[in-house]
Amino acid sequence: SCCGGPADPMTRADRYLLREFVAPFAAGLVLSVLLILSLQLQQELGGLVRSGAPLSAVLERLLWGMPRVATMAVPVATALGVSLAVNRLARDHEVTVLRGMGRSLGRCFLPFAAAGLLLAAGNLYVAERWVPEAARRARRLSGAAGDVLGAGALPDARARVLVAYESARRIDRDRHRLERVVVVRPDAIVVGAAAGYADGRLRVEGAVRHRYG
C-alpha cells in the first residue's frame with residue numbers, strides 16, 4: 001500500500017510519491033546528460049584531431065561545460081520523472097487509494113509540484129552563478145588549447161577587404177593565426193602563406209600582390 005500505517009499516513013504517502021519520482025528522474029537525468037555530452041564530445045573531437053590538442057584538454061573543457069549541460073538536462077529529466085511516476089500511480093490505481101484517504105487530486109500531486117519548484121530554483125541558481133564562470137574558464141582553456149577553425153572568410157576591419165583562408169588557429173580570445181590566406185582588394189589580390197588577425201587588423205606574412213590588368 002502507498003499509504004503506510006495509520007500513525008502518519010499523509011507524510012508516508014508523500015514520501016512514497018517522491019520515491020516514485022526519484023528513480024525515473026535520476027534515469028532521465030543520466031540519459032539527458034550523456035546525450036548532450038556525446039554531442040559536445042563529437043564536436044570537440046573534430047577540433048582535437050585538427051589541432052593535435054591533448055585529450056586531457058578536451059575532457060577539461062567538457063568538465064567546465066557540465067553546469068550548462070545540467071541546466072539543460074534537469075528540466076527534461078523532471079518532466080520525464082513526473083510523467084512516468086504519475087503514469088504508474090494511475091495504472092496501479094494508487095491515485096484512487098489516495099483519493100480514498102480524503103485527499104484532493106491537487107493534494108495528491110503536491111509532492112511533485114514541490115519537487116519541481118525546488119529543482120527549478122536550484123537550476124536557476126546554477127544558471128546564474130556557476131554557468132557564467134564555467135563558460136569563462138572554458139573560453140580561456142579554448143584559447144590556450146589553440147583551437148583550429150575550418151576554412152572560412154572574414155573582413156579586415158581596417159582595409160575593408162575580403163579575406164579567405166584555408167584554416168585558422170585561435171591563439172587567444174581575440175587573436176587568430178591564419179594559414180594560406182587570400183586577400184581580395186579593389187585593386188589587387190594578395191596571397192600569403194600565413195597571416196595574423198587581431199583587433200580587426202590583418203598582417204599577411206610573405207605577401208605576394210597580383211594587380212588587376
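Modeller: A contact here means heavy atoms within 4.5 Å. In this predicted model, local features need pLDDT of at least 70 and side-chain atom pairs 80 or more, while totals for chains, interfaces and linings use all residues. Numbering runs from 1 along each chain as its sequence is written, and side-chain values use heavy atoms, without hydrogens and water.

Colleague: Which residues does A85 touch?

Modeller: Leaving out residues up to four places away in sequence, A85 touches E20, F21 and F112.

Colleague: Which residues of the largest nonpolar core touch the most other members?

Modeller: A nonpolar core joins buried Ala, Val, Leu, Ile, Met, Phe, Trp, Tyr and Cys residues through side-chain atoms within 4.5 Å. This one has 13 residues, and L17, F21, F25, A85, L89, L98 and F112 touch the most other members. Two or more residues come from each of α1 (9–51), α3, α4 (94–100) and α6 (110–145); α1 gives the most, 5 residues. Another core, of 11 residues, lies apart from it and includes L178, V181, V183 and L202.

Colleague: Is R88 buried or exposed?

Modeller: Buried means under 20% relative accessible area, exposed over 50%, partly exposed in between (1.4 Å probe, protein chains only). R88 counts as buried because its relative accessible area is 18%. R88 sits in helix α3 and touches Y16, E20 and E94, residues up to four places away in sequence not counted. The side chains of R88 and E94 are joined at 3.0 Å.

Colleague: Which elements have the lowest and highest mean pLDDT?

Modeller: pLDDT is the predictor's confidence in each residue, from 0 to 100. Strand β1 (residues 148–149) has the lowest mean, 42, and helix α3 (residues 66–91) the highest, 92. Over residues 143–152 the pLDDT is below 50, and this stretch has 29 contacts beyond near neighbours in sequence.

Methods. Helix = DSSP H or I, 4+ residues; strand = E, 2+ residues; numbered from the N terminus. Polar contact = N/O pair within 3.5 Å; in protein donor to acceptor, adjacent residues only side chain to side chain.
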